[in-house]
Amino acid sequence: MSGGNFAAWSRDRLALARRGAEECGDVWQLEPGVYVAAAAGPCEAVLRRAQDFPKAPSPLFPPLKRSSGAPTSEERAHAHTARMRGLRAQAVAARIGEIAPRTARFADQWPTDQDVEILPPVRHTLAEIGVHYLFSEDAPTLLPYAWQLFLAREVLVRPSRWVWPRWIPTPARRFRTRQQVAFTDALRPIVRRRRSSGRFGDDMLGQMLQPSPHYGLLPEEAVLDTLPGITVATFETPSRAAGWILLHLARHPQAADRVAAEAASLPADPAATTSAHLGGLRYTQALVSEVLRLYPPSWLLTRRAPRQTQLADYTIDAGSTVLVCPYTAHRDAREYSEPDQFRPERWLDDAGSPAKPGVFLSFGTGPHGCEGAALAMAMLTLLTAQTARCHYLSEPPGPEPSYRVTTLEGLATVGLRLRATVRG
């Protein structure tokens, strides 16, 4: 798609995507060579058919140029396997006691009885959790560099009148490269120290440093190249989601009361929180899932077809772009009853146990589903529970909402202001 056409479409793209889904069908052609998968079935099909619609490497933090060349496909597979050892649900469950204290501190330190722009402290809390999860005792050293990577990302995704080829070293890309080099230079001695001592650690970095029975030892450069993107991802996307969740706690006080009642079962010492306590927060998890359904942080995903293939009634030519829209897929009435309504109960069966009512793509699906889904759900669930346990939330009065919705690179509540009152 040309940059100008995409910019014009993006101004009202949520409304247009919804209208296109209603008027044009499950899949529709936006312009020659560009298709939109809007309904749940085609969206899920595109994401699962990774050979027909592969995910392109992220342009935000590409591997740094080195004499050794770009990572091989085997090294990329090895790095993915190594990351998943540290990010799979069992690994996250084992470290809930490290995540919970920071979410409790966030709730305890929220200034009460005043309107607060809440996304900055949310992002700070989730950054501390995410970077600690990845690097444990080395997190304080790396956190400042992680913040600079986040700032570089924000500069890169900022709307622009011009779409430059990726090989042009724009000021934003040069800034990104400087921050990526700084992060890598800070991480390299940590990697070497852990490897030389044999004390890899039980964090995600430690999992990446352990030899694999199949691949052997992951090369140092492959370790370093894979971590800038995942470091920023541990807190950038969950922060967007947290804004919508806290807004819904303010707008739906009965749901917030139910979350607070459930959170009363959490231990007085947050460090004693276990995966069993997290599993007991069934309604809270349902509320988080429902908000993610209505406002998926990554509301539009891009895939490119390397060869001719079929999607619904269209023949997709090689080189075509397919835009997958979880936002409209989650509002497909064939998947969800009253799809525009906020109903956390739809995620629970009659006995209050977890249920899956329909296609859910907030973390993607298929071979390229979000690696950090379990970590994100744990962070968001505990942040939601601890906040509702401590506070009633409300929006500032006025004719306009105290935020603006942005859609570029994700669905966010920019400038969101909320007021917290101590829950009696």
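Helices here are DSSP runs of H or I with at least four residues, numbered from the N terminus. This is a predicted model, where local features need pLDDT of at least 70, side-chain atom pairs count only at pLDDT 80 or more, and totals for chains, interfaces and linings use all residues. Residues are numbered from 1 along each chain as its sequence is written, and side-chain values use heavy atoms, with hydrogens and water left out.

I'll start with the second largest pocket. On a 1 Å grid over the protein atoms alone, a pocket is an open set of points where a 1.4 Å probe fits, with protein on both sides within 12 Å along at least five of seven lines; lining residues have an atom within 4 Å of a point. Helix 3 (40–48), helix 5 (89–93), helix 13 (275–280), helix 14 (282–294) and helix 16 (373–390) each give at least two residues to this lining. Helix 16 has the largest share, five residues.

Next, the aromatic pairs. Rings of Phe, Tyr and Trp (its six-membered ring) pair if their centres lie within 6.5 Å; planes under 30 degrees apart are stacked, over 60 edge-to-face, the rest tilted. There are twelve such pairs in the structure. In one of them, Trp147 and Phe150 meet edge-to-face, 5.9 Å centre to centre with 85° between the planes. Both belong to helix 8 (residues 139–156), three residues apart, about one turn of the helix.

Is Phe150 buried or exposed? Buried means under 20% relative accessible area, exposed over 50%, partly exposed in between (1.4 Å probe, protein chains only). Phe150 has 6%, so it is buried. Trp147, at 22%, is partly exposed.
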